[in-house]
Amino acid sequence: MLRLGVALVLATGALCAACGGSASGGETGSVAGGSPADGTQAAGRGVRLVKVGDFSSPLYVTAPPGDRRRIFVVEQAGRIVVVRGGKRQSRPFLDIRSMVTAGGEQGLLSMAFAPDYAQSGRFYVYYTERSGEEAIWEYRRATEDRADPASARLVLRMADPEANHNGGLMIFGDDGLMYVGTGDGGGGDDQHGPRGNAQSLGSLLGKILRIDPRASGGRPYTVPSSNPFVGRAGARPEIYAYGLRNPWRFSFDRQTGDLAIADVGQDAVEEVDFVRKGRGRGANFGWRPWEGRSRNFDEPAPGAVFPVITHSHSSGFCSITGGYVVRDRTVPSLLGRYVYSDFCDGRIRAARLRAGRRTTGTPLNLPKVGAVSSFGEDAAGRVYVTSLDGPVYRLAAR
Ligand SMILES: [Ca+2]
């Protein structure tokens, strides 16, 4: 059955051998080709990939707020590795491999540092538990490069009917709240629940949630009263946005606060949804009645917001990997452009996003990256690309 969430469901390397070349090791040079010259293509000439290192199935890169010396690389099996000043530290920051189910789309899927991490030492991990459920746990720092494994505290656990479509990203917005992407639960056609989970406000699945993950008053987390469905009968108050299939990677523009969600498609269409700052609140992105801009079920999707970017599977896409609007001033040719890729296509593309306006990304003049699992951003705004095959690269000026 080929109903992909993130295409991590595919055996590493097996598919990508069939779906295109992959970047070779070391600092990669440019390759010929690309598409018609326009602003973005010209921009692509000014970019290169700098290899940061090789990891074990890396899925994400992030850094504590304000910490410009380090990045933290999340490995699918359950380890977090620190890279300080470009040098990988041998001892992991955290190793929870014994608690994680990893493989396919499951595993340690992301981490997030609390906005006050410098003082509190709080950070969060999202992973597939041994039981197959998805959960967010809070940990605390022990020393600068080492977490305290005994500090684990459960924040949120979600029953998950299938191994695929597990969401997995948590990011803090500039409101200090945690935004969490959840998949629709899995299987195909969002088959669980009367009309699926994604359109159901009674389910946490197929959503972006917004919570304050700190324990308070005996509760493991709290819900901000400004969430859109607070007080609505039958609705989960944690929901911020809905109608998503598997929003594997999404990001806020660190300059504008605009929200870009790359939602992995089913059999036909990959999509990027984009809304201005605050406009994601209560938004319905249309799944399962809509896949991209195509009808999938004859069911209502009130107020559906259509994607600004779509790529069809017939064009070689299989599972979109969302990135960032680049704000790294050391890469001027990409400033203000959203970079993204696809697990099968492997080309890194850039596009200028405008809410409500369709566009498409132009491939940058870079080698293909095999099995693009994620993008990441550090405290200085530098943007990284991770390959499930092992390498992590940084986007740099040529
Ligand atoms: Ca699932």
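How many helices and strands are there in the protein chain? The chain holds three helices and 27 strands, where helices (H or I, at least four residues) and strands (E, at least two) are DSSP runs numbered from the N terminus. The structure is a predicted model, in which local features need pLDDT of at least 70 and side-chain atom pairs count only at pLDDT 80 or more, while totals for chains, interfaces and linings use all residues. Residues are numbered from 1 along each chain as its sequence is written.

Of the 398 residues in the protein chain, 53% are buried; a residue is called buried if 20 or more other C-beta atoms lie within 10 Å of its own, exposed if 12 or fewer, and partly exposed in between, with C-beta atoms placed from the backbone. Contacts, for which the C-beta atoms of two residues, placed from the backbone, must lie within 7 Å, frequently span long stretches of sequence: among those between residues at least 6 apart, 58% join residues at least 24 apart. The largest nonpolar core, a set of buried Ala, Val, Leu, Ile, Met, Phe, Trp, Tyr and Cys residues joined through C-beta atoms within 7 Å, has 104 residues, and M170 and V339 touch the most other members. When neighbours within four places in sequence are left aside, V339 is in contact with G323, Y324, V326, L334, I348, R349, A350, F375, V383 and L395.

Two open sheets of four strands can be described, with strands taken to pair if DSSP finds at least two bridges between them. Strands of a sheet pair through backbone hydrogen bonds, either parallel or antiparallel. One sheet has the order β1-β27-β26-β25, and its pairing is antiparallel. Its edge strands are β1 (47–54) and β25 (372–377), each of which pairs on one side only, and the twist from one strand to the next averages 30 degrees, with axes being lines fitted to C-alpha atoms, for helices over the stretch in contact, and angles running from 0 to 180 degrees between N-to-C directions. Within this sheet, β1 and β27 (residues 391–397) are joined in the antiparallel sense over seven bridges, and L49 has L395 in β27 as its bridge partner. L395 is also one of the residues in contact with V339.

The other sheet follows the order β15-β16-β17-β20, again with antiparallel pairing. Because β15 (249–252) and β20 (309–312) each have a single partner strand, they stand at the edges, and one side of each is left without a neighbour in the sheet. Neighbouring strands of this sheet are turned by 10 degrees against each other on average, direction ignored. The antiparallel pair β17 and β20 is held over four bridges, and E271 stands opposite T310 in β20.

A further antiparallel pair is formed by β7 (residues 108–113) and β8 (residues 122–128), which are joined by five bridges. Strand β7 is mostly covered, as six of its six residues are buried, and M111 stands opposite V125 in β8. F113 has its C-alpha atom 8.2 Å from that of I171, although the two residues are 58 apart along the chain. I171 belongs to strand β11 and is buried, with 20 other C-beta atoms within 10 Å. Residues up to four places away in sequence not being counted, I171 touches A112, Y179, S251 and F252.

Several loops carry backbone features that merit separate mention. Most residues other than glycine have a negative phi, and most peptide bonds are trans. H165, in the loop between β10 (146–158) and β11 (170–172), has a positive phi of about 60 degrees although it is not a glycine, and H165 is buried, with 34 other C-beta atoms within 10 Å. D189, which is found in the loop between β12 (178–181) and β13 (207–211), likewise has a positive phi, near 55 degrees, but D189 counts as partly exposed, with 16 C-beta neighbours inside 10 Å. A cis peptide bond, with omega of about 5 degrees, joins W287 and R288, and R288 is found in the loop between β17 (269–275) and β18 (290–291).

P300 lies in the loop between β19 (294–295) and β20 and is exposed, with 11 other C-beta atoms within 10 Å. P300 and Q199 are 101 residues apart in sequence, and their C-alpha atoms are 8.9 Å apart in space.
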